[in-house]
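Me: Please take a close look at the ligand site in this structure. I should like a connected account of what surrounds the ligand and which contacts it makes.

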Amino acid sequence: MNERSNTPVTVLGLGAMGRAIADAIHRGGHATTVWNRTAGRADALVAKGATLAPSPTSAVEVSPVIVVCLLDDESVRATLTPLAPLLTGRLVINVTTVTPKQARDTAAWAAEHGVEYLDGAIMAVPEMIGLPVASLLYSGSRAAFETHRELLELLGGARWFGTDPGIASLYDLALLGSMYSMFAGFAHGAAMMASEGVPATEFVEMAAPWISAMTIGLPHHAEFFDQGDYTTDVQSLDFNKAAVDTIAEASRDQGVGTDVIAAVQTLIDRQVAAGHGKDSFARVFEGIRRPAPTA
Ligand code: NDP
């Protein structure tokens, strides 16, 4: 079942992302009410026809759908808690970046107060909002996702991952975690080349296609992870240990920090020490999934 396309929507939070979201919703034909803690951020939206509410209370009471885009979980709780009685019977779509536990806790709080809750995670920067390249992940109320799909698709691609309100945020943070490690790896490579005066802008011409080409191996790694059988006759952990130790040694020789590559060494060494040197490099997954107890 689809919502009526003119469902009034309130957006709480007009940071860079909140403004982009409110703008896309308003352009999509919804009566859009906005509120922000600090005044002045709504000027451009108001000039286009959005309504600025002077308080969170007056913002919430005019719309059945409330989109929350604040800094973090703490600001979400600080803003929503006093509004609980008013939110009863409305839908809260929280696209603030939070942990899965925080999403589940907010969903439980919402349920206690008769508030329908959909948690969202934004895989996009504000400039991408409203374009097909933006991807937003949702979990929580399926009915809310289906009913308001048209609204959600004003922001970008919309995919629902299940009724567990924490799962969209888990995907978000897992994807970001993969990305940060990749960027840190690139920074390490660039630092190695910088030690001989090669600018990163030159190095990237080699690194970007190389990293991109290597992603072809990810599904193969994923199969190892899922099966838990790391038997291989190519590129064993022993083989990779030699390569990664050489990278670390070269880094030290060049006077470059080994923080990033040392983390990979630790993961390999843990598996080799446990007698798995003949297995695939993919086995490092086991050391991450079940970390060694700390002393
Ligand atoms: P900004 O820093 O630009 O804006 C933060 C917003 O939160 C502002 O509206 C700010 O209000 C408000 N805020 C902060 N603390 C409080 C509080 N205690 N009470 C009420 N309001 C508060 O962040 P973005 O808009 O960029 O990001 C918003 C969310 O979107 C974050 O969770 C972020 O992780 C997520 N996101 C952002 C992306 C991006 O590229 N920007 C990408 C993907 C996700 P005030 O103006 O008064 O300070």
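Reply: A residue is counted as near the ligand if one of its heavy atoms lies within 4 Å of it. The model is predicted, and in it 21 residues surround the ligand. The closest of these are Met17, Asn36, Arg37, Thr38 and Thr97.

By residue class, the shell around the ligand comprises 10 nonpolar, 9 polar and 2 charged residues. Two helices, H1 (16-27) and H4 (73-80), each supply at least two residues of that shell. The greatest contribution comes from H1, which gives 3 residues.

The polar contacts may be taken next, for which the cut-off is a pair of N or O atoms within 3.5 Å. On the side-chain part, an N or O atom of Arg37 lies 2.9 Å from an oxygen atom of the ligand; Arg37 is also among the closest residues of the shell. The backbone takes part as well: a backbone N or O atom of Leu70 is 3.1 Å from a ligand oxygen atom, and a polar backbone atom of Leu14 is 3.3 Å from an oxygen atom of the ligand. On its own the ligand has 900 Å² of accessible area, of which the protein covers 75%.

As to its setting, the ligand occupies the second largest pocket. For the chain as a whole, the domain assignment gives domain 1 (4-170) and domain 2 (195-289). The centres of domain 1 and domain 2, taken over C-alpha atoms, are separated by 40 Å.

Definitions and conventions. Residues numbered from 1 in each chain as written. Predicted model: local features only at pLDDT ≥ 70, side-chain atom pairs only at ≥ 80, totals over all residues. Heavy atoms only, no water. Polar contact = N/O pair within 3.5 Å; in protein donor to acceptor, adjacent residues only side chain to side chain. Areas by Shrake-Rupley, 256 points an atom, 1.4 Å probe, with all protein chains shown as cover. 1 Å grid on protein atoms, 1.4 Å probe; cavity = no way out; pocket = protein on both sides within 12 Å on 5 of 7 lines; lining within 4 Å. Sits in = over half its atoms within 2 Å of the grid points. Helix = DSSP H or I, 4+ residues; strand = E, 2+ residues; numbered from the N terminus. Nonpolar A, V, L, I, M, F, W, Y, C, P; charged D, E, K, R; others polar. Domains from an automatic or database assignment.
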